[in-house]
Amino acid sequence: MNAFNSNPADGVIDPAQPRYDWTLAEVEALFELPFTELVFRAAETHRRWFDPAELQLSQLLSVKTGGCPEDCGYCSQSQHFKTATTASKLMDPDAVIAQAAEAKAGGAQRFCMGAAWRDVKDRDLPKLTAMIGGVKALGLETCATLGMMTVDQARALKAAGLDFYNHNLDTGPDYYDKVVTTRTYQDRLDTLAAVREAGMSTCCGGIVGMGETRADRAGLLHQLATLPSHPESLPINDLMPIPGTPLSGSEPVDGLEFVRMIAVARLVCPKSVVRIAAGREHMSRELQSLCFLAGANSIFVGARLLTTNNPGRNSDDALLADLKMRPMTPKAAVPA
Ligand code: SAM
Ligand code: DTB
Ligand code: SF4
């Protein structure tokens, strides 16, 4: 009998159904599975909710760069570290909308606006709502990542057309204070709660390659899998080492471990769009393909992420063509 056709009355639990009661030990045990078994299970779950030949194509724009008061140890935009990134003011809505139109013309389906802020200030809401409304009107899925936010601010952005808010937990709770000291894990959970309360979808994931252990990576995925609702979008970043930041010298994570992270994310948040976010610049085509097999179904396209490089369209178009994969049809993104 196929476990997916099982009858709950038989006592067989469908492993592809979302669960919110994962224990940390269960998540850690998934990481310990033989690689082939883990990837097979993740691929089965992926097929249950998505077409495995489809990838959502997102594009990023830094709408306000640098000068950030936070001290996230990986980030080029923190004012605590001397990096090559120069600070700039919040862009004008028209300039953002023009870039979004270009991204859409290039095939992007989703547009994410990032600002190097600790939190959203009410005085910036008119510009933010104008740019979000304009991007939404182009027919793009919209996302923003602007730091901490209140429920009222989240409601205002949602009313303007914001579909998703990105706010990452970054790592497991036990490693978090090795990475950031200026805001707490609870601050991040509170912002995610405000976003959910406003009825907006959440985009929440983290980074590997910051010197954390596998237990910390399991800790992050355990947190995500036990939120009141799973993040509809789950980005996994591989650290882009930024010269001048405290974490730039961290030991890189092995590619197979990155695939495990993707596979476990797919298994514990089965209906989420799992994104390979930062780090594809240093991943082989074969490693990215293994990630797609293990359940990743979105990438960021375009030559830039926020402040760092990303593979250009030519190499991504060739990869998709060689894999016979195609952009995700909008209906394939189901609510988690
Ligand atoms: N200031 C906002 C905030 O942190 O909430 C939004 C922008 S921030 C750049 C968005 C996310 O990008 C971070 O939470 C982190 O997970 C990821 N990120 C930033 N710098 C990175 C790097 N060098 N390598 C990998 N991921 C990174
Ligand atoms: C996410 O998790 N990763 C993206 C997006 N969400 C905002 C950002 C990656 C940034 C990589 C470093 C940079 O370009 O500055
Ligand atoms: Fe600021 Fe965001 Fe960078 Fe942290 S990750 S320093 S909050 S821009």
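These notebook entries record what I looked up about the ligands, the cavity and the pocket in this predicted model.

**Ground rules.** I am working with a predicted model in which local features need pLDDT of at least 70 and side-chain atom pairs count only at pLDDT 80 or more, while totals for chains, interfaces and linings use all residues. Residues are numbered from 1 along each chain as its sequence is written, chains are lettered from A and ligands numbered from 1 in the order in which they are written, and side-chain values use heavy atoms, with hydrogens and water left out.

**Entry 1: the cavity.** I began with enclosed space. On a 1 Å grid over the protein atoms alone, a cavity is a set of points where a 1.4 Å probe fits but cannot get out, and a pocket is an open set with protein on both sides within 12 Å along at least five of seven lines; lining residues have an atom within 4 Å of a point. Volumes are the space filled by probe spheres set on the points, which are joined across faces, edges and corners.

I found 1 cavity of 30 Å³ or more, and the largest cavity holds about 880 Å³ of space. Its lining has 42 residues, with Tyr-74, Cys-75, Gln-77, Asn-168 and Leu-306 nearest the centre. By class I noted 22 nonpolar, 13 polar and 7 charged lining residues. (Ala, Val, Leu, Ile, Met, Phe, Trp, Tyr, Cys and Pro count as nonpolar, Asp, Glu, Lys and Arg as charged, and the others, Gly among them, as polar.)

Which strand gives the most to this lining? It is S2, with 4 residues; S1 (54–64), S3 (141–145) and S7 (233–238) are also among the strands that each supply at least two. Strands here are DSSP E runs of at least two residues, helices are H or I runs of at least four, and both are numbered from the N terminus.

**Entry 2: ligand 1.** Ligand 1 sits in the largest cavity, meaning that more than half of its atoms lie within 2 Å of the grid points. I count a residue as near if one of its heavy atoms lies within 4 Å. Around ligand 1 there are 18 residues, the closest being Ala-115, Thr-145, Asn-168, Asp-170 and Met-240.

For polar contacts I looked for pairs of N or O atoms within 3.5 Å. A ligand 1 nitrogen lies 3.1 Å from a backbone N or O atom of Ala-115. Oxygen atoms of ligand 1 reach side-chain N or O atoms at 2.9 Å in Asn-168 and at 3.1 Å in Arg-183. On its own ligand 1 has 560 Å² of accessible area, and the protein covers 90% of that (Shrake-Rupley method, 1.4 Å probe).

**Entry 3: ligand 2.** I turned to ligand 2, which also occupies the largest cavity. Its 14 surrounding residues split into 7 nonpolar, 7 polar and no charged. Asn-168 comes back here, with a side-chain N or O atom 2.9 Å from a ligand 2 oxygen. Asn-237 places a polar side-chain atom 2.8 Å from an oxygen of ligand 2, and Leu-306 brings a backbone N or O atom to 2.9 Å. The protein buries 88% of the 410 Å² that ligand 2 exposes when taken alone.

**Entry 4: ligand 3.** Ligand 3 sits in the largest cavity too. Its neighbours include Cys-68, Cys-72 and Cys-75, along with Arg-183. I noted 6 nonpolar, 1 polar and 2 charged residues in this shell.

**Entry 5: the pocket.** Last, I checked the largest pocket, with about 210 Å³ of space. It is lined by 12 residues, and Pro-15, Trp-22, Leu-30, Arg-41 and Leu-267 are closest to the centre. Helix H2 (residues 35–49) provides the largest share, 3 residues.

Technical notes: A polar contact is a pair of N or O atoms within 3.5 Å; within protein, one must be able to donate a hydrogen and the other to accept it, and residues adjacent in sequence count only if both atoms are side-chain atoms.
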